[in-house]
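Visitor: Could you take me through one part of this model at close range? I would like to follow the side-chain contacts around a single loop and the helices that meet it.

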Amino acid sequence: MRNNSFEPKLCQFEVKRWLVVVGLVAATHLFFQSLMLPYGNALRSLLTVDDKILGGEAENFQLRVSTKKFEDSRLGDRVPSSASSSTSAMQDKSKIEFKTGNDILDAVIGGAKDQQSSSSNSEEEDMNEIAEFFGEGEDDDVSKLDESAHTDKTSIENMKEPENETVLEMAGKTRHGLSIEQIIKPDGNISADTNPKELKNGSLGEEVHRENIMLPLISSANIAYSKGLASDANTSASQVILPINVTSSQRNLSTLTNTTIIKKFRCDTPPKSVTLIDEMNRIFVRNRRASRSMVPRWPSICDQEILAAKLQIENAPVMRGDRELYAPIFRNMSTFKRSYELMERVLKVYVYKDGQKPIFHQPIMKGLYASEGWFMKLMENNKRFLVKDPKKAHLFYMPFSSRMLEYTLYVRNSHNRTNLRQHLKEYTEKIASKYPFWNRTGGSDHFLVACHDWAPYETRHHMERCIKALCNADVTVGFKIGRDVSLPETYVRSQRDPQRDLGGKPPSQRHILAFYAGSMHGYLRPILLKHWKDKDPSMKIFGRMPLGVASKMNYIQHMKSSKYCLCPKGYEVNSPRVVEAIFYECVPVIISDNFVPPLFDVLNWEAFSVIVAEKDIPNLKDILVSIPESKYLELQLAVRRAQRHFLWHAKPVKYDLFHMTLHSIWNNRVFQIKVKQGAPKSKTISGSELRRGV
């Protein structure tokens, strides 16, 4: 007979045995963990140190340790008080895993959030600082000084690093030794503590210059950190900080890894490929012959109107002269004028009302990135081109500010712009789901205007088929010649009077051969100074001039008194000096490989500028001197005649920069449009109807 009491006893024995086994495993795990945390590098030094081995080991560990526990076990009292207080407030944030040893080191050195209290400032003071900050230019070149610029005492050259600086302090600065305070306060307002100097586009997502400081590699834990304001679920490893300073003992231990971090920014090295101006012209002609936009999913009468306009532009009568336009500065003055007239009579634009301020519908009218702000304001207030019914629109405007996007969302020193791109991606998806127009053409009849250097990255993929008017018109980062528009980067010093100080001396009074003054942004400007600073009295080549109104006027007077104004690239290919030179009637000398000059689709830049390859900087004077005086006079005359096309007006006037930018967007759409073969024509528009504005 079976004993029924035996089975419960057996089950109890099995449960106890498994509890003992689990307890032993847990105790063993905790024992080895306690050994590895304080002596990780010491134990690891007994093994062969190899990048692949270290990387493989780090990938196998998926443990997480809280920030506070890590501080207690690794640092003790070595954590600065400011870092400790900020860390304790963040220890309940989301955790992030590092899969390689280099990920840990990148996060350690990549960026740290400097928590500074702004509670001592009143709300009124904050708003005053905000207004002053938005009024200043972002580039620290002397050409971007406003009347209030002398009040800003901070510059890259004046920032001095202490002799004994912790990793936390170093990580709180950009690669130029400059700290950019967090834009967004905990209450959601915009902070005015941001210094108006910033990292440029090429500095993010690329290799980074770093001091060879090696930290002990933690192999048994993937440590979780969080930035104070980057609390969303998409926070990546490059957005976290490590509140730690490096001691001499840690430096000694770190030498056991025998690893060196030597990386460079993309903007600090010459481009791998160069597209010269002649090749750009060939690409433009080739793209005009072959349309590249998406065929609309269903026909529209607006498509037929654009096709009718295209036919008239291609068959425009040849003009021998014009009272309003100066023919030499245009690729084809006849087709340009016909296209411009048709734009005025036909074009209708629908502006999306979606999107919240400050990223959307809030223009910045002053400073380095004022072009996108001026266009936004003038477009949204325009009665001639705007239409309330989107079914009647030929183009759709997505009015966001790339500058305000960076102000609002970028976590300083994080070296991560994923959340900026994600924000625009969600906006685009909302537009596509709410309206049918995006899906009809894949966005090829939509356009955006953005002047910040990061705009090519922020609009990549999800806005790829749009017409992009970009200041950063670099063919190596996705600028499409013949579809995209090279937006002039204009530095506006006065919102009330954007044409202040306009003009310059006549050619006979311009005694300086070439002039440049500015900060050493990027790799090219130091090369320029190396070859020409204090080398020739006719070549006035300087570094950064001191801040203040006097130096600003000195800079302007130099441009007004120079024959040629050098426009070398900075961090990116674009520079406001190109338009500044035209503003002061100085012939611009563009030194920037792969840069598509502004309004390239209609303007002939070889008629009013000199384009020099970067490799020819040592021969710069010979190139300029070899230009005959008669040729220089032609160039200078063309600069004066082209000036009207680069000016902003509070109320737009014919052929000004607002109309020229809108025309380039319209013109590129006209020559890109495709229709389905055999699609029924809803309406055929004659030339007489177009002339009547039908």
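Guide: What follows is a walk from one loop out to its neighbours, with a few stops further along the chain. Please keep in mind that the model is predicted.

Let us begin with the loop between strand S3 (349–351) and helix H12 (370–380), where aspartate 354 sits. The side chain of aspartate 354 meets that of lysine 434 in a salt bridge, at 2.9 Å from N to O. Lysine 434 belongs to helix H14 (residues 418–434), so this contact links distant parts of the chain, 80 residues apart. Aspartate 354 has a relative accessibility of 4%, and because buried means under 20%, this residue counts as buried.

A second contact involves the same loop between S3 and H12: tyrosine 352 lies there, while tyrosine 435 lies in the loop between H14 and helix H15 (437–441). Because these two rings pair, parts that are 83 residues apart in sequence are tied together. How are the rings of tyrosine 352 and tyrosine 435 placed? Their centres are 5.0 Å apart and their planes stand at 55°, so the pair is tilted. An angle over 60 degrees would have counted as edge-to-face, and one under 30 as stacked. Both tyrosines are covered: tyrosine 352 is buried, with a relative accessible area of 0%, and tyrosine 435 also counts as buried, at 14%. The two belong to one aromatic cluster, which is formed by Tyr350, Tyr352, Phe396, Tyr435 and Phe437. Across the structure, the count comes to 24 aromatic pairs.

The loop has one more feature worth a look. Proline 358 lies in the loop between S3 and H12, and a cis peptide bond joins this proline to lysine 357, with omega at about 5°. For context, most residues other than glycine have a negative phi, and most peptide bonds are trans.

Now turn to H14 from its other side. Helix H13 (residues 402–409) packs with H14 at an angle of about 125°, and their axes are 10 Å apart. H13 and H14 are therefore oblique to each other, and H13 passes H14 in a right-handed crossing. H13 is mostly covered, since seven of its eight residues are buried. The buried ones are Ser402, Arg403, Met404, Leu405, Glu406, Tyr407 and Thr408.

Arginine 417 offers contacts of another kind. Its charged end sits over the ring of tyrosine 457, 4.2 Å from the centre. Arginine 417 also lies over the face of tryptophan 454, at 5.5 Å from the ring centre.

Back before S3 in the sequence, helix H11 (333–346) brings two salt bridges into view. In one, glutamate 341 and arginine 338 meet through their side chains at 3.1 Å, N to O. These two residues are three apart in helix H11, so about one helical turn separates them. Arginine 338 counts as buried, at 11% relative accessibility.

In the other, the side chains of glutamate 324 and lysine 337 meet at 3.9 Å, N to O. Glutamate 324 lies in the loop between helix H10 (301–314) and helix H11, and lysine 337 lies in helix H11, 13 residues apart. Which of these partners is buried and which is partly exposed? Lysine 337 is buried, with a relative accessible area of 12%, whereas glutamate 324 counts as partly exposed, at 33%. The structure holds 19 salt bridges. Some of them share partners, and these join Glu464, Lys468, Lys480, Arg483 and Asp484 into one network.

Two backbone details further along round off the tour. Glutamate 585 has a phi near 60°, a positive value in a residue other than glycine. Glutamate 585 is found in the loop between helix H19 (577–583) and strand S11 (587–591), and is buried, with a relative accessible area of 13%. Leucine 599 also has a positive phi, near 50°. This leucine is found in the loop between S11 and strand S12 (610–611) and is buried, with a relative accessible area of 0%.

To return to the starting point, the loop between S3 and H12 holds aspartate 354, which pairs with lysine 434 of H14, and tyrosine 352, whose ring pairs with that of tyrosine 435.

Note on methods:
Residues are numbered from 1 along each chain as its sequence is written. This is a predicted model: local features need pLDDT of at least 70, side-chain atom pairs count only at pLDDT 80 or more; totals for chains, interfaces and linings use all residues. Side-chain values use heavy atoms; hydrogens and water are left out. A salt bridge is a side-chain nitrogen of Lys or Arg within 4 Å of a carboxyl oxygen of Asp or Glu. Helices (H or I, at least four residues) and strands (E, at least two) are DSSP runs, numbered from the N terminus. Buried means under 20% relative accessible area, exposed over 50%, partly exposed in between (1.4 Å probe, protein chains only). Rings of Phe, Tyr and Trp (its six-membered ring) pair if their centres lie within 6.5 Å; planes under 30 degrees apart count as stacked, over 60 as edge-to-face and the rest as tilted. A charge sits over a ring if NZ of Lys or CZ of Arg is within 6 Å of the ring centre and within 35 degrees of the ring normal. Axes are lines fitted to C-alpha atoms, for helices over the stretch in contact, and angles run from 0 to 180 degrees between N-to-C directions. Angles under 35 degrees count as roughly parallel, over 145 as roughly antiparallel, 65 to 115 as roughly perpendicular and the rest as oblique. A crossing is left-handed if the near helix is turned anticlockwise from the far one by less than a right angle, and right-handed if clockwise.
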